[in-house]
Amino acid sequence: MHGKVIVITGATSGIGQVAAEQLAAMGARIVLVARDRARGEAALARLREGGPGIAHSVHYADLSRLAEMKRVAGQVAATESRIDVLINNAGAVFSSRRVTEDGLELTFATNHVAYFVLTHGLRERLIAAAPARVVNTSSDAHRGARLDFEDLGAARGYRGLKVYGRSKLCNVLYTRELARRLEGTGITANSLHPGFVATRFGDQSGGPLSYVIRIAKTFAISPEKGSETLVHLASSPEVASTTGKYFYKCRAVPPSLEAQDDAAAARLWSETAKLARIES
Ligand SMILES: NC(=O)c1ccc[n+]([C@@H]2O[C@H](COP(=O)([O-])OP(=O)(O)OC[C@H]3O[C@@H](n4cnc5c(N)ncnc54)[C@H](OP(=O)(O)O)[C@@H]3O)[C@@H](O)[C@H]2O)c1
């Protein structure tokens, strides 16, 4: 990975943090996108300790807000002339429904729209580095989820895990459509399930959901184990030309039938572009 530039979100904690550190140890230069300054600086310091001599950097943005997603994409694009790997990984679950200043449901905005907007904003930088890769952290929580295009904001019957599962279905469908649209550019796009991992995930969700997730996490795998598929997709020559697939335990596996629906993937793309006010 020497000489490669990797942009990663959600690397101040959990799976993303371990993946960033491992990729940095392989020689990659890491560009973090973080929301919290103290956590961002701590993550940057850890990267610098692990690989002195490489100019890792950090940009700040709350990836639930459209203006911030677009601003940070612009800032990263202005400072990086080429990007070899973009890892969209920041994500969260919320026990009660919240709506952002853009009128988007918070889970949908953070877990899906941010992947779309950041990738859109960095597309030309990825093309400049081709062969390049986009890696999107999804989840097996997508299984059993269905999209309701009449209610992408989950105004009806909000339940935290259900809405989280839908956002992760969006990740798989979005990756599928992205891979199709990137054909011929030399950029691959794949999504993954990291496993059930003991991270900070769910701690901030509030209500009984935090408690349930905390108990369940006693059976979860370590962040080191959970980051393996992410690192594999970002770095392994084995998957250099694999695109549009869903991975678990470093292998391509079929996602749910709903996640293989090309018409839904295309519709999700156009609905998201409209909501994000992006021409695509
Ligand atoms: N843990 C699991 O069992 C599991 C299973 C399947 C999939 N996943 C997925 O794995 C990914 C990483 O989760 P994790 O388990 O490593 O959880 P985590 O430890 O909670 O890490 C989440 C990361 O996302 C960042 N983030 C959250 N909301 C953000 C926002 N609005 N703007 C910018 N950054 C934001 C967090 O930043 P802060 O440090 O500032 O909080 C943190 O760096 C997520 O996409 C999650 O859905 C997790």
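At the start of helix 2, a side-chain oxygen of Asp36 comes to within 3.3 Å of the backbone nitrogen of Ala38. This is a predicted model, and every distance and accessibility given here is computed from it. Helix 2 itself covers residues 37-50, a run of 14 residues whose first and last C-alpha atoms are 20 Å apart, which is close to the 20 Å expected at 1.5 Å a residue.

Along this helix, Gly40, Ala43, Leu44 and Leu47 are buried. Seen down the axis of helix 2, these buried residues fall within an arc of 100°, so they line one face of the helix. The face turned away from that buried side carries the exposed residues Ala38 and Glu49, and the Ala38 named here is the residue whose backbone nitrogen is approached by the side chain of Asp36. The cover over the buried residues of helix 2 includes helix 1 (14-25), strand 2 (29-34) and strand 3 (57-60).

Strand 2 also holds Val33, which counts as buried at 3% relative accessibility. Leaving out neighbours within four places in sequence, Val33 is in contact with Val7, Ile8, Thr9, Gly10, His59, Ala61, Leu63, Val72 and Val76. The C-alpha atom of Val33 is separated by 8.8 Å from that of Thr12, a residue 21 residues apart from Val33 along the chain.

From here the path leads to the charged side chains, among which the count comes to 19 salt bridges. One of them joins the side chains of Arg82 and Asp84, with 2.9 Å from N to O; in this pair Arg82 is partly exposed, with a relative accessible area of 38%, whereas Asp84 counts as buried at 3% relative accessibility.

Another salt bridge brings together the side chains of Glu150 and Arg267 at 3.6 Å, N to O. Because Glu150 lies in the loop between strand 5 (132-137) and helix 5 (160-181), while Arg267 lies in helix 9 (residues 262-276), the pair ties together parts that are 117 residues apart in sequence. Glu150 is exposed, with a relative accessible area of 62%, and Arg267 is partly exposed, with a relative accessible area of 35%.

Helix 9 takes part in a further salt bridge, in which the side chains of Arg176 and Asp262 meet at 2.7 Å, N to O. Here Arg176 belongs to helix 5 and Asp262 to helix 9, so the pair ties together parts that are 86 residues apart in sequence. Arg176 counts as partly exposed at 24% relative accessibility, and Asp262 is likewise partly exposed, with a relative accessible area of 48%. Elsewhere, salt bridges that share partners join Arg65, Glu68, Arg71 and Glu101 into one network.

Glu105 offers a contrast to these pairs, for Glu105 is buried yet has no salt bridge, and the nearest side chain of opposite charge, that of Arg97, is 5.9 Å away. Glu105 has its place in the loop between strand 4 (85-88) and helix 4 (106-129), where its side chain makes a polar contact of 2.7 Å with the side chain of Thr107. Residues up to four places away in sequence not being counted, Glu105 touches Arg97, Arg98, Val99, Gly153, Ala154, Tyr158 and Val163.

Terms used
Residues numbered from 1 in each chain as written. Predicted model: local features only at pLDDT ≥ 70, side-chain atom pairs only at ≥ 80, totals over all residues. Heavy atoms only, no water. Salt bridge = Lys/Arg side-chain N within 4 Å of Asp/Glu carboxyl O. Buried < 20%, exposed > 50% of the residue type's maximum accessible area, 1.4 Å probe, protein only. Helix = DSSP H or I, 4+ residues; strand = E, 2+ residues; numbered from the N terminus. Expected span 1.5 Å × (residues − 1). Arc of directions from axis to C-beta. Contact = heavy atoms within 4.5 Å. Polar contact = N/O pair within 3.5 Å; in protein donor to acceptor, adjacent residues only side chain to side chain. Lys, Arg positive; Asp, Glu negative; His and termini not counted.
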